[in-house]
Amino acid sequence: MSIPKPLEPEKLFHRCDVSQFKFASTAELEAKGKFIGQNRAVEAIQFGIGIQHEGFNLFALGPNGIGKHTLVNQFLELKAPTEATPHDWCYVNNFKQPHKPQALQLPAGQGNALRQDMSQLVEALITVIPAALNSDDFHAQKNAIVNEQREQEVQAFKDLEDQAKKEDIRLVNTPSGFALAPLRGGEIMSPDEFEKLPAAEQKEIESRIIKLQEALQQVMLQIPQWHRETQNKLKKLQEDTAAYVITPLFDELRQKYAALPEVLAYFDDAKEDIVSNVEEFTKSEEDSLAALVGIASSGQSQKAILTRYQVNVIVARSPNEGAPVVLEDQPTYQNLVGRVEHVSQMGTLLTDFTLIKAGALHQANGGYLILDARKLLLQSYAWEGLKRALRARRVHIESLGQLFGWVSTVSLEPQPIPLRVKVILTGDRLLYYLLSQYDPDFRELFKVAADFEVDMGRDEDSILSYAHLLADLAKKEALRHCDKEAVARVIEHSSRLAGDAAKLTTHMQSISDLLREADYWAGQANHDLITAPDIQQALDAQLYRSNRIQERVQEAIVEETIMIDTAGGVVGQVNGLSVMMLDTYAFGRPSRITAQYRLGKGEVIDIERQVELGGPIHSKGVMILAGFLGARYARERPLSLSATLVFEQSYSGIEGDSASSAELYALLSALAGVPLKQSLAVTGSVNQLSLIH
């Protein structure tokens with residue numbers, strides 16, 4: 001077996017050679033503004049943003065702080081302005097089915113114009129229609145219709161009177177109605193006189209009266225019909241007059257929006273509705289005020305005139321602004337697909353099309369929507385709502401209560417809006433692989449994965465790229481530039497973060513934070529540039545803020561509360577070294593491991609496992625250790641011993657196989673009676689072939 005060579009001290013730390021830098025400070029370097037070490041992710045993002053086929057949405061996966069949002073935003077800031085600006089979207093009243101508001105699509109910038117035009121139209125109608133209905137010409141035509149009906153009634157009664165006169169009968173208008181009375185010598189015959197007449201004459205007069213009564217009844221039956229006809233004529237006159245005065249107003253709008261058939265159809269429906277409800281424009285000021293707040297004098301809710309013909313612009317664009325890029329930080333179901341709000345009136349929740357609010361999918365329609373996968377999955381039904389919209393390629397505004405039948409409040413069914421959007425999710429790798437494994441829709445909708453690297457190779461090119469990155473960060477955030485010694489110190493710290501002397505970390509948040517802190521300390525020292533001592537002071541400050549627990553552990557060892565020997569040699573005892581991770585700070589903590597043996601049947605007993613403090617990976621390491629002992633010492637005969645291994649003063653769980661080599665040393669020391677140096681601490685795993693990692 002080859003004897004391991006001691007690790008030379010200079011190999012413990014890979015210094016960065018300052019002489020390789022041809023600049024005095026990063027102020028001399030050009031800020032390239034590009035990401036380094038993420039070639040795979042860059043190509044995936046370029047492909048995912050560029051391809052326009054259905055289902056090729058993008059998932060950027062990697063740890064937080066690695067720059068996923070920043071890289072995605074950089075690409076979108078370049079691509080989105082070059083793309084066509086999507087349309088404006090509005091909701092208007094559906095006059096035939098008010099519970100199903102109609103969606104209108106308009107070119108960018110025309111949504112607000114249409115809203116303003118309709119608002120001005122309604123204001124004009126409130127003035128124009130009452131003026132037309134109060135004009136002399138309208139009243140003359142109205143009076144003519146009313147007089148015609150009155151003359152018709154008068155003529156009918158005159159004809160009846162003339163007929164009755166020929167029959168010696170008079171038509172009498174009494175408080176209780178019309179009556180017929182016989183005449184004698186031009187005068188109405190009294191009842192006594194009538195009784196004195198011969199029976200035959202009485203009978204003949206009664207027959208004439210019955211005949212005239214039938215004619216009178218026929219006239220009385222026609223009068224309500226004449227009234228209805230008159231009312232219809234008056235209503236038609238009112239409608240014709242309103243149509244006449246509003247037609248020029250609508251013709252002006254039709255010329256402006258002649259290229260939009262859906263808008264023209266809406267104008268036709270609105271014009272027809274205005275004509276049908278022209279009386280709404282003739283209400284008194286008090287009635288108009290009540291209508292404005294949606295409450296009639298009877299207390300019942302009604303559509304206000306100013307609301308009925310409004311245009312609810314839910315998405316407004318500016319021409320030539322390019323494709324929208326929307327970052328939804330709170331992706332709830334309603335924030336994604338939109339909502340219909342309600343107002344309380346007289347204890348009742350009411351709504352109308354003006355209370356429809358857009359969601360992030362509406363705002364990003366025709367562009368890009370960026371969502372945090374974790375936040376999205378934490379919101380109830382938000383993930384399902386997003387998938388449903390992407391599969392259907394349209395946005396249907398529907399509340400959860402309405403969707404699941406939880407509430408019976410009167411609501412709306414807005415017309416769905418076609419959807420064309422590129423969704424970009426960002427999250428860690430665990431979420432990506434969990435969704436891929438357990439959600440069958442995920443791979444159909446998110447076919448492009450941009451996997452971010454956590455480190456990159458350390459060579460001359462990458463070191464120079466790092467220097468350019470520091471220059472870019474200094475210019476972007478108005479920080480002091482770094483001298484070349486400071487750049488070298490950052491490079492060295494980057495390798496430490498990567499955990500490999502031949503690598504550099506790509507966790508740019510850590511590097512950016514370090515540079516910001518160093519800029520602060522440089523300011524405290526009145527330095528014009530960030531120097532290596534400033535970088536080191538920032539690192540020392542980070543260490544001091546985080547190592548309270550480490551200091552307490554060290555104090556406990558010094559005070560012998562935790563028993564750790566650091567001098568001499570002990571048989572069957574070794575210091576195992578475990579790594580404690582507290583947030584982003586890690587430190588080594590020694591633990592005493594002891595081994596004992598006795599005659600037995602070849603068992604290696606893991607006390608931690610017996611008391612259920614050992615995790616499965618630690619137990620696996622002990623079993624591998626036992627396999628190594630059996631292969632080494634008991635190939636031809638049974639191993640007649642029983643050994644026990646334990647972490648002394650361990651009061652919590654033990655996990656991982658990195659203690660298996662230390663446990664092997666303790667056991668071999670106990671078996672051979674050879675003391676182990678207590679000045680050393682050991683970490684690493686062993687396999688069944690005695691190879692130590």
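Me: Contact means heavy atoms within 4.5 Å. Axes are lines fitted to C-alpha atoms, for helices over the stretch in contact, and angles run from 0 to 180 degrees between N-to-C directions. Which strands does helix 7 lie across, and at what angle to strand 3?

Reply: Helix 7 lies across strand 2 and strand 3. Its direction is at about 135° to strand 3. Helices (H or I, at least four residues) and strands (E, at least two) are DSSP runs, numbered from the N terminus. This is a predicted model, where local features need pLDDT of at least 70 and side-chain atom pairs count only at pLDDT 80 or more, while totals for chains, interfaces and linings use all residues. Residues are numbered from 1 along each chain as its sequence is written, and side-chain values use heavy atoms, with hydrogens and water left out.

Me: How do you know that the span of helix 7 agrees with its residues?

Reply: The expected span is 1.5 Å times one less than the number of residues. Helix 7 covers residues 261–276, 16 residues, so it should span 22 Å. Its end C-alpha atoms are 23 Å apart, and this agrees.

Me: Which residues of helix 7 are buried, and what covers them?

Reply: Buried means under 20% relative accessible area, exposed over 50%, partly exposed in between (1.4 Å probe, protein chains only). In helix 7 the buried residues are V263, L264, Y266, F267, A270, D273, I274 and V275. Their cover includes strand 2, strand 3, helix 3 (110–133), helix 6 (199–256) and helix 9. An α-helix has 3.6 residues a turn, so residues three or four places apart point the same way.

Me: What makes strand 3 and strand 7 edge strands?

Reply: Two strands pair if DSSP finds at least two bridges between them. Here 3 strands form an open antiparallel sheet, in the order 3-2-7. Strand 3 and strand 7 each pair on one side only, and that makes them the edges. From one strand to the next, the twist averages 30°.

Me: How many bridges join strand 2 and strand 7?

Reply: There are 4 bridges, in the antiparallel sense. With a cut-off of at least two, the strands therefore pair. C90 stands opposite V313 in strand 7. Helix 3 packs on this sheet and touches strand 2, strand 3 and strand 7. Its direction makes about 165° with that of strand 7.

Me: How many aromatic pairs are found in the whole structure?

Reply: The search finds 16. One of them joins F95 and Y309, with 5.7 Å centre to centre and 35° between the planes.

Me: Why is the pair of F95 and Y309 called tilted?

Reply: Rings of Phe, Tyr and Trp (its six-membered ring) pair if their centres lie within 6.5 Å; planes under 30 degrees apart count as stacked, over 60 as edge-to-face and the rest as tilted. At 5.7 Å and 35°, F95 and Y309 meet the distance limit and are tilted. F95 lies in the loop between strand 2 (88–92) and strand 3 (102–106), and Y309 in the loop between helix 9 (305–308) and strand 7 (311–315), so the pair ties together parts 214 residues apart in sequence. F95, at 15% relative accessibility, is buried. Y309 is buried at 1%.

Me: What makes the pair of W383 and F446 stacked?

Reply: The angle between the planes is 25°, and the centres are 6.0 Å apart. That angle is under the 30 degree limit, so the pair is stacked. W383 lies in helix 13 (residues 382–392) and F446 in the loop between helix 16 (442–445) and strand 17 (448–451), so parts 63 residues apart in sequence are tied together. Both W383 and F446 are buried. They belong to one aromatic cluster with F59, Y432, Y433 and F442.

Me: Why is T351 called buried?

Reply: Its relative accessible area is 18%, so T351 falls under the 20% limit. T351 is in the loop between strand 11 (348–350) and strand 12 (356–357). A polar atom of its side chain lies 2.6 Å from the backbone oxygen of E341.

Me: What makes N320 exposed and Q649 partly exposed?

Reply: N320 has 76% relative accessibility, over the 50% limit. Q649 has 27%, in between the two limits. N320 lies in the loop between strand 7 and strand 8 (325–328), and its phi is positive, near 65°. Q649 lies in the loop between strand 24 (642–647) and helix 24 (660–672); its phi is near 55°.

Note on methods: A polar contact is a pair of N or O atoms within 3.5 Å; within protein, one must be able to donate a hydrogen and the other to accept it, and residues adjacent in sequence count only if both atoms are side-chain atoms.
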